[in-house]
Amino acid sequence: MSSKPRVVLGVGGGIAAYKACEVLRGLTESGHDVRVVPTVAALNFVGAATFEALSGHPVHTGVFTEVPEVQHVRVGKDADLVLVVPATADLLARAAHGLADDLLTNTLLTARCPVAFFPAMHTEMWEHPATRDNVALLRSRGAVVTEPDSGRLTGVDTGKGRLADPREIVDVARLLLARSDALPRDLEGLRVVVSAGGTREPLDPVRHLGNRSSGKQGYALARVAAQRGADVTLVAAHTEALPEPAGAEVVHVSTARRLGAAVEEAASTADVVVMAAAVADFRPADTADHKIKKTDHSPDPTISLVRNPDILAGLVEARRPGQVIVGFAAETGDEHGSVLEHARAKLKRKGCDLLVVNAVGEGKAFEMEENTGWLLSADGTEQRIPLGAKSLLAATVWDAVTELVRHRAHRQ
Ligand code: CTP
């Protein structure tokens, strides 16, 4: 038997079924054994042959094939994770009410592993009280039902109800396989702001001073927060390659000053602020309005820099009562101290509640899929975060934030 994690990919009958192929591809390429179980309606959108070729397994929709192997029970019981992509209104209703009229709904009843639904439907259907109740019922039983994205729907209409980006779905799958309890709805009712990416400071219309931050860690923080029920504003600097987290409002910025203004505005009504962005400490004193040319006789130019405001320090100063503020520190050890010693001093200096510390350099942290570090708390506790997906680190940060929020609510 294969030692790869076994994932059942349930596919509902909606136009977004074609995106299930990309999820399937992403999962098999990252070492998962995937069994596709579509509904009959799903096969109107994607043929069984496509799922069979991409998964390497036969595809059935009903319970009357492979009867001696008791397939309707075995598929669910053998799974390490069940995903439903897309989860249509009808499928959510059937799952919520325990119907078992095809192989997928049988599988949902027999699975004892984490189950995650990724809805896609028209806004009216998503907002209908029947769907709201079904989603609430499934969540109350421990299933993950993610918020759909907003944007272009099937026709010319736009609104909430778009399927989450397939890359995001693969990321959630990996997170749930690593930690089945990573996505509780414990951030419901909280407004959070996350900054991500790396700011750029222009020298002239074609050049800038920048940094190597990809934004992946900040995006993972925003994504996990949205999936845990928070109302999320993501302030993103140069993260064009990343899929926008479903359910988050994204504000794109470029310079440190723009990022500061956007974060401050969102923070004025937020319960939690996470500064994961790599913010330029300095900017060129002058920005040329034309391209700086080299000429044979002119001396080599010197760039003078001026300081950018420290956004995190400003947030701490303007902190609302009970607001939780999380900083990040990318550190290298040097002759003055180790990574952790620098980080402890930074936590004190910055005055935030939590500091996520990454050791950088030698290919660590920047542009990587995985991350590791420490989570330092103002009360002196220090937690080592083992190497894992950036969403796993995000889940650890949100666990600590919920603890703090709960603690503060208790004291009030
Ligand atoms: N940060 C900020 N504004 C800045 C620089 C940094 O808000 N102008 C935030 C970052 O988003 C991060 C934290 O401060 O959450 C620490 O960033 P880092 O660059 O490690 O800290 P610095 O204060 O710039 O310290 P150092 O002297 O080590 O560069």
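**Notes on a predicted model: two sheets, a hairpin and some local details**

1. His238 has its place in the loop between β11 (231-237) and β12 (249-253). The model is a predicted one, and this residue is a useful place to begin reading it. The phi angle of His238 is near 55 degrees, which is a positive value in a residue other than glycine. As background, most residues other than glycine have a negative phi. Is His238 buried or exposed? His238 counts as buried, because its relative accessible area is 18% and the cut-off for burial is under 20%.

2. The two strands that flank this loop also appear in a sheet. β12 and β11 belong to an open sheet of 8 strands, whose order is β12-β11-β8-β13-β16-β17-β18-β19 and whose pairing is mixed. The edges of this sheet are formed by β12 and β19 (382-389), each of which pairs on one side only. On average, and with direction ignored, neighbouring strands of the sheet are turned by 20 degrees against each other.

3. Within that sheet, one pairing can be followed residue by residue. Strand β16 (residues 324-331) pairs with strand β17 (residues 354-359) in the parallel sense, and 6 bridges are found between them. If you look for Gly327 in the structure, you will find that its bridge partner in β17 is Leu355.

4. There is another open sheet to examine, made of 5 strands in the order β2-β1-β3-β4-β5, and here the pairing is parallel. Which strands lie at its edges? They are β2 (33-38) and β5 (144-145), each pairing on one side only. Helix α1 (residues 17-29) lies across β1 (6-11), β2 and β3 (81-87), and its direction makes an angle of about 170 degrees with that of β1.

5. Strand β4 deserves a paragraph of its own, since several details meet there. On one side, β4 runs parallel to β3 and is joined to that strand by 4 bridges, with Val84 standing opposite Phe117 of β4. β4 (residues 115-119) also pairs with β5, again in the parallel sense, over 2 bridges. In that pairing, Val144 of β5 is the bridge partner of Ala116, while Val145 of β5 is the bridge partner of Phe117.

6. How many of the residues of β4 are buried? The count is 5 of the 5, so the strand is largely enclosed by the rest of the structure. The burial concerns both faces of β4, with Val115, Phe117 and Pro119 on one side and Ala116 and Phe118 on the other.

7. Strand β3 holds a backbone detail that a reader could easily pass over. Pro86 has its place in β3, and the peptide bond leading from Val85 to Pro86 is cis, with omega near -10 degrees. For context, most peptide bonds are trans.

8. A hairpin comes next along the chain. Strand β6 (residues 149-152) and strand β7 (residues 158-162) run antiparallel and are joined by 4 bridges. Together β6 and β7 form a hairpin, with 5 residues between them, and one of the bridges sets Gly151 against its partner Gly159 in β7.

9. A record can be placed beside these elements. An unreviewed UniProt entry annotates residues 6-171 as "domain: Flavoprotein", and such annotations may be inferred rather than shown by experiment. Over residues 6-171 the chain of the model is 41% helix and 21% strand, and the C-alpha atoms at the two ends of this stretch are 15 Å apart.

10. Ala267 shows how parts of the chain that are separated in sequence can meet in space. This residue is found in helix α10 (residues 256-267), and Ala267 is classed as buried because its relative accessible area is 7%, where burial means under 20%. Ala267 and Val192 are 75 residues apart in sequence, yet their C-alpha atoms are 7.8 Å apart. When neighbours within four places in sequence are left aside, the residues in contact with Ala267 are Val193, Val273, Leu315, Arg320 and Gln323.

11. Finally, the aromatic rings. Arg132 lies over the face of Trp126, at 4.5 Å from the ring centre, and Arg384 lies over the face of Trp374, at 4.6 Å from the ring centre. What is the count of aromatic pairs? With ring centres required to lie within 6.5 Å of each other, the count comes to 0.

Terms used. Residues are numbered from 1 along each chain as its sequence is written. This is a predicted model: local features need pLDDT of at least 70, side-chain atom pairs count only at pLDDT 80 or more; totals for chains, interfaces and linings use all residues. Side-chain values use heavy atoms; hydrogens and water are left out. Rings of Phe, Tyr and Trp (its six-membered ring) pair if their centres lie within 6.5 Å; planes under 30 degrees apart count as stacked, over 60 as edge-to-face and the rest as tilted. A charge sits over a ring if NZ of Lys or CZ of Arg is within 6 Å of the ring centre and within 35 degrees of the ring normal. Two strands pair if DSSP finds at least two bridges between them. Contact means heavy atoms within 4.5 Å. Axes are lines fitted to C-alpha atoms, for helices over the stretch in contact, and angles run from 0 to 180 degrees between N-to-C directions. Buried means under 20% relative accessible area, exposed over 50%, partly exposed in between (1.4 Å probe, protein chains only).
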